[in-house]
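Work through the two exercises below with the model open beside you. Each task is followed by a solution that goes step by step.

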Amino acid sequence: MSGLAKYLLENGCEVAGSDVCDGKYVQKVKKMGAEVHIGHSAGNVPEDCVVIASTAIRQDNPEMVRAKELGLPIYHRSDLLAEISREGKFFLGYSGTHGKTTTSGLSAYVMEKAGLKPSYVVGGIIPELDTNAHCQDGRCFAAELDESDGTIVKYVPNIVVINNLEADHLDFYKNGLQSILETFEEFIAKMPQDGVVLANNDCEATRKLHSHKTVTFGLSDGADYQAKNIEYNSEYTKFDIYYKGEFLTDLKIILKGRHNVYNSLAVLASLHQAGIDINLVKPHFATFTGMGRRFQKVGSAKGAVIYDDYAHHPTEIKAALSSALSFKDKHVIAVFQPHRYTRLKNLWDEFLNAFEGVDKVVVTDVYAASEDPIEGVNSSAFEADLEKKGIPCKYVSGDMKAVAKVLFEELKDDDIVIGLGAGTITALGKELIALDKELSEVAG
């Protein structure tokens, strides 16, 4: 939502809105001229505006109720993004269960650094650019396309990357993966005749999508764009890219993990398909440090190094922890904030199997994200089941300040702490660092 607000502000629109709490995203749009209220109230709604809401906003929200009373036009955030994407630029969309924020952000970043002046709206802050949206006069528009609520069918990109597909958002997709595949089939069918679907050839689900527009990428034989001769080391990852069996280029990235080979390969392939000179963008892949909240180092406390990650699906947690476990001779503590009761219920067993290899798991209260509790689905029960698997585990209730206080007491200088989740867990690092500062001041 903040990215869309920024895009409108850059186009001279008057923007107002509200959020449940203050934060860096609120401050950024305020600095650009938006009027932002903290807390939802009927009085926040002007009498002559267009209302844009996300799926997280319920129909009984006081601002939604007031907007209906006033007879104001109400649109979903996807309607606004779709409208922006129709402004005549070459539209690059990045989608899939995992990796869409990183691929859309990486695409925007390398085009920006190459001087191509892209426009973009992505789902996280691009650290080097310090923004998640920008409107410029270049040829391309890059955007993250969210499938969580089915609204992906509203977009008509020239090129779409489908990183992977897995069962998720089962509160919306009642028939699981089958419902997701049907939604993507509908989405693909609306693309232009000369459109390109860049699908992951190594993902069983994406291989089930049927389209004459499909071009594949992957690490295994048979992909149109294939990464070969992958060399992982502590400082960087290098690999060669072959297109239709012929050497295309080599690529160097500083992102960790096999999943980031896929992400980088997908972006390079999408820009190649868009007709962009890959020699212009190639050098900048090696300077991209990753998106905000994607295994992002936030500081240290009592000598322990703290990372923050948006991972809230079992596959994403495994990928984030694979990066943490690459640090040898370190004690890895995963702090897990389950996101939504429905996700925890539907993927319970998958979550239980996502923490192998870590030394300890701290489970916080469920971040409801506007959902009502489900009986028997809670962090205490999850802790008990995780303990049965032989993984040292501790449930800590309360807000992030309370969680940080308990965790801080046990921290040692060989610890790696990684916060995992899409909710308030992102404040954990800040709270731990504040406690460390207090301790230092007392000692001083």
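The exercises concern a predicted model, and they go from the whole chain to one pair of helices.

**Exercise 1.** Determine how many helices and strands the chain has, and judge from the radius of gyration how compact the chain is.

*Solution.* Begin with the secondary structure, where the count gives 14 helices and 20 strands. Next, compare the radius of gyration of the chain, 22 Å, with the 22 Å that the globule rule gives for 444 residues; the two are close, so the chain is as compact as a globular protein of that length. Then consider the extent along the principal axes, where the C-alpha atoms fill a box of roughly 60 × 60 × 45 Å. Finally, turn to burial and contacts: 52% of the 444 residues count as buried, and among contacts with a separation of 6 or more, 64% are between residues 24 or more positions apart.

**Exercise 2.** Describe how helix α5 (residues 100-113) and helix α8 (residues 278-285) cross, and state which residues make the contact.

*Solution.* Start from the axes, which come within 8 Å of each other and cross at roughly 115°. Because angles of 65 to 115 degrees count as roughly perpendicular, α5 is roughly perpendicular to α8. The handedness comes next, and α5 passes α8 in a right-handed crossing. On the α5 side the contact is made by L106, Y109, V110, M111 and K113, while α8 contributes V281, H284 and F285. Sorting the residues of this contact by character, one obtains 6 nonpolar, 1 polar and 1 charged.

Terms used. Residues are numbered from 1 along each chain as its sequence is written. This is a predicted model: local features need pLDDT of at least 70, side-chain atom pairs count only at pLDDT 80 or more; totals for chains, interfaces and linings use all residues. Side-chain values use heavy atoms; hydrogens and water are left out. Axes are lines fitted to C-alpha atoms, for helices over the stretch in contact, and angles run from 0 to 180 degrees between N-to-C directions. Helices (H or I, at least four residues) and strands (E, at least two) are DSSP runs, numbered from the N terminus. Angles under 35 degrees count as roughly parallel, over 145 as roughly antiparallel, 65 to 115 as roughly perpendicular and the rest as oblique. A crossing is left-handed if the near helix is turned anticlockwise from the far one by less than a right angle, and right-handed if clockwise. Contact means heavy atoms within 4.5 Å. Ala, Val, Leu, Ile, Met, Phe, Trp, Tyr, Cys and Pro count as nonpolar, Asp, Glu, Lys and Arg as charged, and the others, Gly among them, as polar. The radius of gyration is taken over C-alpha atoms; the globule rule is 2.2 Å times the number of residues to the power 0.38. Buried means under 20% relative accessible area, exposed over 50%, partly exposed in between (1.4 Å probe, protein chains only).
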